[in-house]
Amino acid sequence: MAPAQPLPDGIPVLIAGGGPVGLALAALLARHGVRSLVLEADAGYCTGSRAICISRRSQEILATAGAGDALAAKALPWTGGRSFWRNQQVLQFRMPSEPTERFAPMVNIQQYHVEAFVHEALQRVPELVQVAWSTRVTGVQPAGEGVDVEVADATGTRRIRADWLVACDGGRSTVREQLGLQLEGTQYEGRYVIVDIVQKTKRPVERLAWFDPPSNPGSTLLMHRQPDDVWRIDYQLRDDEDGAEALKAENILPRVRSHLAMIGEDAPWELLWASMYNAKCLTLPAYRHGRVLFAGDAAHLVPIFGVRGLNSGLDDAANLAWKLALVLDAGADAALLDSYSQERVQAARENIAYGAKSTEFMAPPDFAFRLMREATLRVAMDDPAVRSLINPRQSAPVAYTGTPLNGPQQGAWADGVAAPGQPAPEALLQGAQGAFHLTQCFGTEFTCLVFGDGALPHAMADLAAGGVAVLDIAPDADVHGQARMRYGLPEDGATGLVLVRPDGYVMGRWRGLDPAPVLACLREKGLQP
Ligand SMILES: Cc1cc2nc3c(=O)[nH]c(=O)nc-3n(C[C@H](O)[C@H](O)[C@H](O)COP(=O)(O)OP(=O)(O)OC[C@H]3O[C@@H](n4cnc5c(N)ncnc54)[C@H](O)[C@@H]3O)c2cc1C
């Protein structure tokens, strides 16, 4: 890491924790021109096996953060997987994907690579972001129009005044503890051993799950390929097994060896590292406490099954960055940040509900769940209708149905797509410079998609003057017809305006081409001066 710089006395945004969420938040704030200071207790990136499955939505966010190229060059894309009961395949699933997409539905990559790529992006904007390693937040004192943060590093302790403090300091958050806040929810008993091994393989990248496999009878086992010839193998422990014993190499090696032999992977391999995991479904009931905000694992802990931990943390960062920027730099009312809490707590509760269902399938908490799972797996062999119950329900962006930021849906639009509160769908478009994806246009400003019937109307200049980016989705831009279809205007010649938030969520939509209600909506929500 670069030599330490002196810490500033005051800063608009202080981010406690330089894990993937804290670093990504700093990068997204920098896109808005907001200065931040990231304090990270450790000397560098995380070690060991943590997040590996990064969703399409997270790839979009990481690309906005400036880490897209590095991620694409290293990560392993995948679109589906298979599940087996004993030695029979009971499910093959594919996630929605087609060749014109910008990103694969999921990529596998070690979390420390993600952290490194975002940190590299931060080093390109040193005037906006400072990362202080080996520097721990030890105290938090809300102070009127700011927060006093006590900080300790090798040179001693000091206080830094921040306008806003964002706690991204993980599951054992010091900031949470300092404010006397507690996560609410449940913790599951079932334990998984998480093992990384190095072994060359020619297998496709897919999610593989075995229930009660002959290699490890009674257990559930998951396998994922990662870059650098690493396999991630997760297997469930029996309730009567001792955790410390289970983590000894002499107990891990035979289980892994037996499974590799069963699936015919015979190249030499070595153990990289192993850890223990048990699922938690916990969240703070609110993510804003005055001038202190919570994001990522500091705000919520969701089970790894369904891969919603880091993926939802990155969504927190994307949701928060533009709102903080508006409050700090455009005079928006700080109450805007309550919508961050409302939207992301709702998302956490939804993620927890999915995560709990997946956990109950992957690590049945009692005899009744185990029995139900066995019955499902047995029936799934012959009945495709039952197979959806085994589907791992991978992470997907959550729609913000009840948020006060949603504007109207005026006039007739096709049902079920791109309504206010939903994530803005992707589309491949044609521009003067060549093909581009719609999501490349999101990230910093409000964007109005103009579905016109000819040349862009002059009135659209009012939107640009009001600080809204205007994107003309003329028929010759929408060459594949994807935008019209996915935004709910399939008929030729139908006109409409769709307002998209900086974090890529639809805010409102209006038939016709009158910009006045779009601007009125932004004004009414306090989002435009
Ligand atoms: C085995 C396993 C597998 C997982 N798989 C997936 C997956 O496939 N997909 C997925 O989306 N998620 C997955 N997750 C979850 C994912 O790892 C977490 O959700 C993610 O790390 C959260 O990022 P974060 O930045 O919020 O917190 P963290 O990664 O925990 O980072 C917090 C940072 O804050 C620092 N810190 C702590 N206290 C202080 C302090 N007082 N002062 C300063 N710094 C401090 C820590 O050193 C740390 O670097 C997995 C987790 C585990 C354990």
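**Close-ups of the ligand site and helix H9**

**View 1. Who builds the shell around the ligand.** Helix H1 (20-31), strand S9 (136-143) and helix H8 (309-329) each put at least two residues into the shell around the ligand; helices (H or I, at least four residues) and strands (E, at least two) are DSSP runs, numbered from the N terminus. H8 gives the largest share, three residues. This is a predicted model, where local features need pLDDT of at least 70, side-chain atom pairs count only at pLDDT 80 or more, and totals for chains, interfaces and linings use all residues. Residues are numbered from 1 along each chain as its sequence is written, and side-chain values use heavy atoms, with hydrogens and water left out.

**View 2. The nearest neighbours.** There are 30 residues around the ligand (a heavy atom within 4 Å), and Glu40, Gln111, Thr174, Asp297 and Leu310 come nearest.

**View 3. Polar contacts to ligand oxygens (pairs of N or O atoms within 3.5 Å).** An N or O atom in the aspartate 297 side chain sits 2.8 Å from a ligand oxygen. For asparagine 311, a polar backbone atom is 2.8 Å from an oxygen atom of the ligand. With aspartate 42, a polar side-chain atom lies 3.4 Å from a ligand oxygen. On its own the ligand has 1,000 Å² of accessible area (Shrake-Rupley, 1.4 Å probe), and the protein covers 89% of that.

**View 4. Alanine 353 on helix H9.** Alanine 353 belongs to helix H9 (residues 336-362). Its relative accessibility is 42%, so alanine 353 counts as partly exposed (between buried, under 20%, and exposed, over 50%; 1.4 Å probe, protein chains only).

Conventions
A polar contact is a pair of N or O atoms within 3.5 Å; within protein, one must be able to donate a hydrogen and the other to accept it, and residues adjacent in sequence count only if both atoms are side-chain atoms.
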